Amino acid sequence: MTQTRSQTKRLTFEEYLTYDDGTDTRHELVDGELIEMPPESQQNNDIAKRILFELLKHFPIELIAYKDTEIEVSGRQARCRLPDLIVHSEESYAALIGKTRSTITHEMPSPAIVIEVVSPGTTNRDRDYRHKRTEYAARCISEYWIIDPQDQQVTLCIWDNGQYEDQVHRGDDRLQSQIVPAFALTVNQILNPSQI
């Protein structure tokens with residue numbers, strides 16, 4: 001997925017929340033700039049759906065957000081990310097009830113898990129492995145999962161004593177999530193549908 005910058009004026013977070021260009025285009029806000037989020041590849045969508053269906057075995061549907069909930073994060077200027085999947089904490093879900101937009105702001109509790117499927121390209125890899133990792137750590141999100149089809153691995157960033165500790169899983173490894181200890185899919189099953 002290649003991101004495109006869609007305007008030159010930098011927005012505040014409040015301006016972003018009210019921004020409407022009259023289309024259904026999805027955006028992330030990075031340092032005040034709108035970054036257009038084009039549709040994902042079919043492979044990445046399929047991977048996210050496999051994870052979604054496994055998570056539904058462990059959580060009520062209300063606690064899982066599939067490409068539809070944003071999270072405000074810290075940066076030099078206003079930033080807001082749109083993860084592939086979120087597993088809400090009870091508190092983050094409750095904070096969104098009655099809101100007109102599904103955006104987890106700084107004042108709201110953090111979700112339990114954020115999951116990103118890495119798209120091809122150096123920029124996307126840097127964004128998912130470096131930038132988002134730092135941003136989600138600053139929000140004290142308990143687990144950040146980086147699903148990487150290119151490297152055929154899943155990195156679980158587990159919050160421990162104020163920082164993320166990484167667990168890299170490959171092949172027939174099962175994820176060792178503290179929040180979803182009974183998660184049943186192996187890395188091969190997540191990344192390769194013929195393995196299921």
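Two strands are counted as paired if DSSP finds at least two bridges between them. With that rule in mind, the tour of this predicted model may begin.

Select strand E7 (residues 85-87) and strand E9 (residues 113-117): they run antiparallel and are joined by 3 bridges. Within this pairing, Leu 85 has Ile 115 in E9 as its bridge partner.

Next, extend the selection to the whole sheet. It is open and consists of 6 strands in the order E4-E7-E9-E10-E11-E12, with mixed pairing. Strand E4 (64-66) and E12 form the edges, each pairing on one side only. From one strand to the next, the twist averages 15°.

Now add the helices. Helix H2 (residues 42-55) packs on the sheet and touches E4, E7, E9 and E10, its direction making about 165° with that of E4. Helix H4 (residues 122-138) lies across E9, E10, strand E11 (153-160) and E12, and runs at about 175° to E10.

Turn then to the aromatic side chains, among which 4 pairs are counted. Select Trp 145 and Phe 183, an edge-to-face pair with 5.2 Å centre to centre and 85° between the planes. Trp 145 belongs to strand E10 (residues 143-148) and Phe 183 to the loop between strand E12 (163-170) and helix H5 (187-191), so the pair ties together parts 38 residues apart in sequence. Both Trp 145 and Phe 183 are buried.

Trp 159 and Tyr 164 form another edge-to-face pair, at 5.6 Å centre to centre and 85° between the planes. Here Trp 159 is partly exposed, at 25% relative accessibility, whereas Tyr 164 is buried, with a relative accessible area of 6%.

Finally, select Tyr 16: Arg 101 lies over the face of its ring, 4.9 Å from the ring centre.

How values were computed:
Residues are numbered from 1 along each chain as its sequence is written. This is a predicted model: local features need pLDDT of at least 70, side-chain atom pairs count only at pLDDT 80 or more; totals for chains, interfaces and linings use all residues. Side-chain values use heavy atoms; hydrogens and water are left out. Rings of Phe, Tyr and Trp (its six-membered ring) pair if their centres lie within 6.5 Å; planes under 30 degrees apart count as stacked, over 60 as edge-to-face and the rest as tilted. Helices (H or I, at least four residues) and strands (E, at least two) are DSSP runs, numbered from the N terminus. Buried means under 20% relative accessible area, exposed over 50%, partly exposed in between (1.4 Å probe, protein chains only). A charge sits over a ring if NZ of Lys or CZ of Arg is within 6 Å of the ring centre and within 35 degrees of the ring normal. Axes are lines fitted to C-alpha atoms, for helices over the stretch in contact, and angles run from 0 to 180 degrees between N-to-C directions. Contact means heavy atoms within 4.5 Å.
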